[in-house]
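I am opening a notebook on a structure that is new to me, and I want to write down what I look up in the order in which I look it up.

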Amino acid sequence: MTVTFFGHKDTPKEIEPTLRTTLVDLIENHNATVFYVGNNGSFDTMVLRQLEDLSQTYPITYSVVLAYLPGKKSEYDDFTNTILPEGIETVPKRFAISYRNKWMIQQSDVVVTYVTHTYGGAWQFKAMAERQGKKVIELSE
């Protein structure tokens, strides 16, 4: 099973224990083995931290899915476990995050989200995942 994540860039750190419990449940009880996470904001940072830690205990793989080709000034400087979605090099920069997020949804069976309001990118891609019939696990409830 493949899992991806969407959450607000200012997600509070207090949800991290809930995030970890959710990840462990997905791994142990639902055969989740592949994880895709972005690199924009505190939610993605928490997810990555937990995946790095859990990969020491469980046979999982995770990738940070980049929205932009790496350049001189990159918001993500550690390219360990990173991938670029096929075709993203042809996408105008202002659409790259949306392209990346759509790609992540297409690859996923489950989408884990932290969404507290009905506007913005996290909400938009949570709604898209729901429309596509993906199982969505909401951590803010």
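**Entry 1: the sheet.** I began with one pair of strands and found that β5 and β6 run parallel and are joined by 4 bridges. Within this pair I looked up Val 110, and its bridge partner in β6 is Lys 135. I note here that I am reading a predicted model. Going on to the whole sheet, I found that it is open and built from 6 strands with parallel pairing, in the order β4-β3-β2-β1-β5-β6. I then asked which strands stand at the edges. They are β4 (82-83) and β6, and because each has a single partner strand, one side of each is left without a neighbour in the sheet.

**Entry 2: β2 and β3.** I looked up this pair next, and β2 and β3 are parallel, with 4 bridges between them. Phe 35 has Tyr 62 of β3 standing opposite. For β3 I also checked burial: 4 of its 5 residues are buried, so the strand is largely enclosed by the rest of the structure.

**Entry 3: the loop before β2.** In the loop between α1 and β2 I found Asn 31, whose phi is positive, near 60°, although the residue is not a glycine. Is Asn 31 buried or exposed? I looked up its relative accessible area, which is 54%, and exposed means over 50%, so Asn 31 counts as exposed.

**Entry 4: the largest core.** I turned to the largest nonpolar core, which has 26 residues, and those that touch the most other members are Val 3, Phe 5, Leu 19, Phe 35, Leu 51, Val 112 and Leu 139. Two or more residues come from each of β1, α1 (16-30), β2 (34-37), α2 (42-54), β3 (61-65) and β5, and α2 gives the most, with 6 residues. I followed Leu 19 in particular: leaving aside residues up to four places away in sequence, Leu 19 touches Phe 5, Met 46, Val 47, Gln 50 and Leu 139. Apart from this core lies another, of 10 residues, and among them I noted Val 65, Trp 103, Ile 105 and Ala 129. As general background, nonpolar side chains tend to be buried together in soluble globular proteins.

**Entry 5: α4 and its surroundings.** Which residues of α4 are buried? In this helix, residues 121-131, I found Ala 122, Phe 125, Lys 126, Ala 127, Met 128 and Ala 129 buried, and what covers them includes β1 (2-7), α3 (96-107), β5 (110-114) and β6 (135-138). Against the sheet, α4 lies across β1, β5 and β6, and runs at about 145° to β6. After α4 comes Gly 133, where phi is positive, near 80°.

**Entry 6: α3 against α4.** The last thing I looked up was how these two helices pack, and their axes lie 10 Å apart at an angle of about 35°, in a right-handed crossing. From α3 the contact is made by Ser 98, Asn 101, Lys 102 and Ile 105, and from α4 by Phe 125, Met 128 and Ala 129. Sorted by class, this contact has 4 nonpolar, 2 polar and 1 charged residues. I close by noting that Phe 125, Met 128 and Ala 129 of α4, which I listed in this contact, had already appeared among the buried residues of the helix.

Notes. Residues are numbered from 1 along each chain as its sequence is written. This is a predicted model: local features need pLDDT of at least 70, side-chain atom pairs count only at pLDDT 80 or more; totals for chains, interfaces and linings use all residues. Side-chain values use heavy atoms; hydrogens and water are left out. Buried means under 20% relative accessible area, exposed over 50%, partly exposed in between (1.4 Å probe, protein chains only). Contact means heavy atoms within 4.5 Å. A nonpolar core is a set of buried Ala, Val, Leu, Ile, Met, Phe, Trp, Tyr and Cys residues joined through side-chain atoms within 4.5 Å. Axes are lines fitted to C-alpha atoms, for helices over the stretch in contact, and angles run from 0 to 180 degrees between N-to-C directions. A crossing is left-handed if the near helix is turned anticlockwise from the far one by less than a right angle, and right-handed if clockwise. Ala, Val, Leu, Ile, Met, Phe, Trp, Tyr, Cys and Pro count as nonpolar, Asp, Glu, Lys and Arg as charged, and the others, Gly among them, as polar. Two strands pair if DSSP finds at least two bridges between them.
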